[in-house]
Amino acid sequence: MNNKDILLDVIGDTDEKLIPELTEKTKGKSVVKWAALGGGLTAAAVACAIFLLDGSNGKTPTIPSYTGGNNVRLLAAAVYPEMPDYPDETAYTDLEEYETVYDAWSDARFALRNQPEGYKDGFDSFFADSTKIFLTNTDNKNKVYSPLSLYMALGMSAEITEGDTRRQILDVLNQGDIETLRSHSKSIWQANYMDDGMAKCVLATSLWTNDKLNYNRNTLNAVADYYYSSVFTGSPTDSEYSKQLQKWLNEQTDGLLTDYVSEIEIDPEMVLTLASTVNYCGKWNEKFNKEFTEKAIFHSPDGDIQWDFMNKESGMMYRWGEKFTSISLQLENNGYMNLILPDEGYSPYDLLNDEQVLKLMTNTRDYPDNKYVNVNISVPKFDVSSSIDLKDGLEALGITDIFDAGKSDFTPLTDSSDIIYLNKAEQDSRVLIDEEGCRATALTVMQYDGAGEPEENVDFVLDRPFIFEIVSATGLPLFVGIVNNPVQ
């Protein structure tokens, strides 16, 4: 059965091609490489629908028209859920009309977040284990990591593997079986979706197939259904295919990672490329007044730096541990950013294995050591980005067979006798904050309590290396990073 026969029911029409074997040989078998790309500094979710580009109707708000020649075609596009724009109260003179529009927005948001109990089970452990791995050994450089982007990319990877290869992925994701992973991934995706004109949290994924190979239709069905992936086909040897992948990644990340994306190319011997992006933005509940932004000294590991610090005074929850203090900056209808400042004598790396810090980052609202105080906040504006080669970290977590041509098992993907293995896995991320709010995006090429008047004043000055965490409105960690130098 050729590629057209297999994909027709899933993703529409495709070119009729002969299916020659690839030429590289190992021990008598063809060896083909699977390149997995992923990342994105935003988080998103898509609806449980696939738009077939053969005459069907659907809403594809972020999928462009791809015309890369005979060898590059968009076969299917994920359809995003309908979400009304957040209503601007000042635009309504009739209170009843405003309440009707607001209720429609609120109902749409509730419908997406109303997921089965326990859908986040296992994610906290994955977050804690993987953060320790991917934020260490930075050589005093800034580092940003999106656990959500990697989680989705690994989930898709579990779908196309079998045996010990799949078991290792499931163990790292703390999921008992593939059915549980599918259910949890779909719920996480939907619960964290936000795109209402005021706030954004959008996860996009895609599959990039080789038009000369056979694919298992049921496997592609599963990836499309549970991870809502757009699907492309083309010739990996055609440079236009790489350009279309780059175009897709840039559009999903709002062009914030163009320097990283420009270096991503499809391997000529690629079997399948997975891409996962997260795109996030939100406005502070209480914005910083630009008039109060002023120069101050940041004590970087490489020397003191004079930089712009945003300043304000606000009543809020103030949290602490034996080695740190922390506050949370709320974002309008889109979660919050945790800022964690190590005590003098400790570095951000000292905190990555600290149980109190991990408890704060995975369950901020229930963290016990807190009080409501008046905080004099001084936060440096920053624009930090990083690129992570995921291979060593994934192997350290226990995912090894997928990289080994002699052990990897990709039988769910194809009935070909070719040996398939993971050749490349990377994540690129970027986070920016200013007086207005926060932007964050990532790609992987595999997210306020208190009452009464404050009775105490404290200073919270981030003038030395610190940890930040962006948490979704559902409490899911979307991004976590270390700022060693706010000037990048």
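How much area does the protein expose, and what share of it do carbon and sulfur atoms supply?

**Figure 1. Overall view of the predicted model.** The protein exposes about 19,400 Å², and 43% of this area is supplied by carbon and sulfur atoms. Its 488 residues include 57% that count as buried. The secondary structure comprises twelve helices and 20 strands.

**Figure 2. Close-up of Cys 201 and its closest cysteine sulfur, in Cys 281.** The two sulfur atoms lie 9.3 Å apart, which is too far for a bond. Cys 201 is buried, its relative accessible area being 1%.

**Figure 3. Close-up of Cys 281 and Cys 438.** For Cys 281, the closest cysteine sulfur belongs to Cys 438, at a distance of 8.6 Å, and this separation is likewise too far for a bond. Cys 281 counts as buried, with a relative accessibility of 17%. A search of the whole structure finds zero disulfides, for which the sulfur atoms of a cysteine pair would have to lie within 2.5 Å.

**Figure 4. Close-up of helix H8, residues 239–252.** This helix has 14 residues and spans 20 Å from its first C-alpha to its last, close to the 20 Å expected at 1.5 Å a residue. Its buried residues are Tyr 241, Ser 242, Gln 244, Leu 245, Gln 246, Trp 248, Leu 249 and Gln 252.

**Figure 5. Close-up of the residues flanking helix H8, Asp 238 and Asp 254.** Asp 238 caps the N-terminal end of H8, with a side-chain oxygen 2.9 Å from the backbone nitrogen of Glu 240. Asp 254, which follows H8, has a positive phi, near 55 degrees.

Definitions and conventions. Residues are numbered from 1 along each chain as its sequence is written. This is a predicted model: local features need pLDDT of at least 70, side-chain atom pairs count only at pLDDT 80 or more; totals for chains, interfaces and linings use all residues. Side-chain values use heavy atoms; hydrogens and water are left out. Buried means under 20% relative accessible area, exposed over 50%, partly exposed in between (1.4 Å probe, protein chains only). Helices (H or I, at least four residues) and strands (E, at least two) are DSSP runs, numbered from the N terminus. Accessible areas come from the Shrake-Rupley method with a 1.4 Å probe; for residues, only the protein chains shown count as cover. The expected span of a helix is 1.5 Å times one less than its number of residues. A polar contact is a pair of N or O atoms within 3.5 Å; within protein, one must be able to donate a hydrogen and the other to accept it, and residues adjacent in sequence count only if both atoms are side-chain atoms.
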